[in-house]
Amino acid sequence: MNLGWWWRLFAGALAGFLFFHGFAATETAPNYSFMYDATSASTLSYYDYIIVGGGTAGCPLAATLSQNATVLLLERGGSPYGNPNITKMASFGAALSDLSQSSPSQRFISEDGVINARARVLGGGSCINAGFYTRASDEYIKQAGWDGRLVKESYQWMEKSVAFEPSLGQWQSAVRDGLLEAGVMPSNGFTYDHIYGTKVGGTIFDQQGNRHTAADLLEYANPSGLTVFLHASVHKILFAIKGKRRPKAHGVVFRDTTGAKHKAYLKQGSKNEIIVSAGALGSPQLLMLSGVGPAQHLKSHDITVVLDQPLVGQGMSDNPMNAVFIPSPLPVEVSLIQVVGITHFGSYIEAASGENFAGGASSSPAVEYMNNLDETTFRGGFILEKVMGPISTGHLELRTRNPNDNPSVTFNYFKDPQDLQRCVQGIQTIEKIIESKAFFRFRYEFLSWPILLNMTANAPLNLLPKHYNPSMPLEVFCKDTVMTIWHYHGGCQVGKVVDLDYKVLGVDALRVIDGSTFNDSPGTNPQATVHGCEDIE
C-alpha cells in the first residue's frame, strides 16, 4: 500500500513522544483548551478534516492532522480523566461492569450468546482494556503491505512513553516458568516483539499503576487547529451527489445529549476528508446508517441507498478466549496480562490474577458469581488461551437507525474446525502449566484437572447452554465456555470496503481507519498496532 498517508501520518504524531515525560493519569486532567461538551457546538461549522470516533486510532490522527489543518474530532463518550475506574490498574474491570448510560464501556451481546463490550470514552479501548502492549509480527506487517521500517519506528516512538515493562510477581513468574516447562520455547525475556516462545510483554500501566491512553496523545495537537466535542453522537455522514461522478462525503450530522442537531461540513479543498474511526462495530454501523451498505438491508430500515456495498458489515471476527480458573492456597498479586506464550499451533497463552479480574469478567452474572465467593475460594487467578486469527467470520447488521443502539453482530465462534483445534491445544497447554513444578505451589492438590475444568464450565461465563462434563472432549469445553478478549475486528476490510489507502471504495473524501479494516487481529494484542496505524478494548 501507499504508506505516504498512513504510517508517515502517525510518525508525525508519535515523534512527539520523544519529548513526552508522561503525566500520571490520576493527576489533574490535562487542560485541553480545545475540548468541549457537544452542547456548546454551533449549529453549523466547517473544517478541513472531520474524524468520527476519538479512540485508539482517532486521537493520534487528530493530533497529527491538526498541525497543518483544522480538525473536528467527535467522540460519543466523555473524558477519561478523573475517573479512577479508568485510570487505576487496581480498578480494572469496574468500567466493564458499569452498565449505566454514562459508563465508558457499552455492553453488547453477540448473536452467539457471548457478552462483550465496546468503548464509549475519549481514548477508546485503551481506557478500558487490560493494558497489554505488544507489536504485530513481521509476517503480519508484510502481509498487510506496510513499510516495515516505518512501522518499527512508529512502535519505538510509542514505546518511549506509553508502554512500560511490568514488574513480575510470583504468580506471573510461575506462569512464565510453567510455559517453558510445557514446551513453549524459547524464553524470550522482556520484549515487545511478536516471536515464538514465552515472553514478558509491555503494558500501558506505569509502575504506579496509572493507565496511559490514546487520549494522552492529544497533548501534541495544535490547539488552534483542533476542536474536540464530547458526548457527540454522529447519526449520519452527508454525501454530495448532484453533479458528481460518484458520491462525495462532505459533512456529518451529530447530536448532543439534549438531542439538539448539529451539522459540520468539510471546507473546500481537494485533500479534505471525513475519517471514520468508530471501531469494529461503530464504523460499519455508521456507513450503513449513512446509506453505504447492502441495499436490501438498508431499504428494510428505510435508509436511502447512497451506494450498494454488500461487503460492509461482513468479515466480522472475534478471537475466541477460553480460560481455566485456579484457586490458590497462597495469596497472589493483582496482575493483568504480562506473560504470553506464543505457540506454533496458533494459540496464545496468557494469565491474570488477584481480586480485580472478576470485575473484568465478560458478563454481569459472572461478576455476581465471583463477588459471592468467599475470600479463600476467590483467591487465585486464571490462565487463558486466545485463538489467533481467527479463521471463523460472521457479519454485522443494523437493529435500529439509532447510532447509540448496538447493532446485531454474529462472530460464529469455532465455525472453522481449525479454530476449535487451536483452542483444544491451548487448553492442553494450560493443563501442562498447572501440572508443572513451577506452578505447583499455586494450586490445591485435591483440585484435579477435571475438577478445575468442571468448575470453570459451571461458571456463568456466557449465555450459551451448558453441555460439558469431565467425560466429554475438550471441544465441548471450548464451545461451552467461549468468551471474548475484546479483540473483535472486521466489517470494513481492506480490499472489500476500503482500498489499500483506506479510502472507502465507490465514494470520495471518506476513509475508515481502525480495527474494522483488519482481516486478522495483529499480534497477541491489537492495541499497539491500532495506536500506530486501532480498537484498539
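Two residues count as being in contact here when their heavy atoms lie within 4.5 Å. With that in mind, let's walk through this predicted model, starting at one loop residue and moving on to the charged pairs.

**Thr43 and its surroundings**

Thr43 sits in the loop that runs between β1 (35–37) and β2 (44–47). Leaving aside residues up to four places away in sequence, Thr43 touches Lys261, His262 and Lys263. Another part of the chain to look at from here is Val253: its C-alpha atom is 9.9 Å from that of Thr43, although the two residues are 210 apart along the chain. Is Thr43 buried or exposed? Thr43 is exposed, since its relative accessible area is 57% and the cut-off for exposed is over 50%.

**Salt bridges**

Side chains of opposite charge can pair when their charged atoms come close. A salt bridge is counted when a side-chain nitrogen of Lys or Arg is within 4 Å of a carboxyl oxygen of Asp or Glu, and by this rule the model has eight salt bridges. Here are three of them, with the distance between the closest N and O atoms.

| Acidic residue | Basic residue | Closest N and O atoms |
|---|---|---|
| Glu159 | Arg135 | 2.8 Å |
| Glu273 | Arg511 | 2.7 Å |
| Glu435 | Arg443 | 3.2 Å |

Take the salt bridge between Glu159 and Arg135. Glu159 belongs to helix α6 (residues 148–159), while Arg135 is in the loop between β7 (132–133) and α5 (138–144), so this pair ties together parts that are 24 residues apart in sequence. Both ends fall under the 20% cut-off for buried: Glu159 has a relative accessible area of 11%, and Arg135 is at 12%.

Next comes the salt bridge between Glu273 and Arg511. This pair links distant parts of the chain, with Glu273 in strand β15 (residues 273–276) and Arg511 in strand β26 (residues 510–512), 238 residues apart. Glu273 and Arg511 are both buried.

How do the partners fare in the salt bridge between Arg443 and Glu435? Arg443 counts as buried, at 12% relative accessibility, whereas Glu435 is partly exposed, with a relative accessible area of 47%. Salt bridges can also share partners, and in this way Arg135, Glu159 and Asp193 are joined into one network.

Terms used. Residues are numbered from 1 along each chain as its sequence is written. This is a predicted model: local features need pLDDT of at least 70, side-chain atom pairs count only at pLDDT 80 or more; totals for chains, interfaces and linings use all residues. Side-chain values use heavy atoms; hydrogens and water are left out. Helices (H or I, at least four residues) and strands (E, at least two) are DSSP runs, numbered from the N terminus. Buried means under 20% relative accessible area, exposed over 50%, partly exposed in between (1.4 Å probe, protein chains only).
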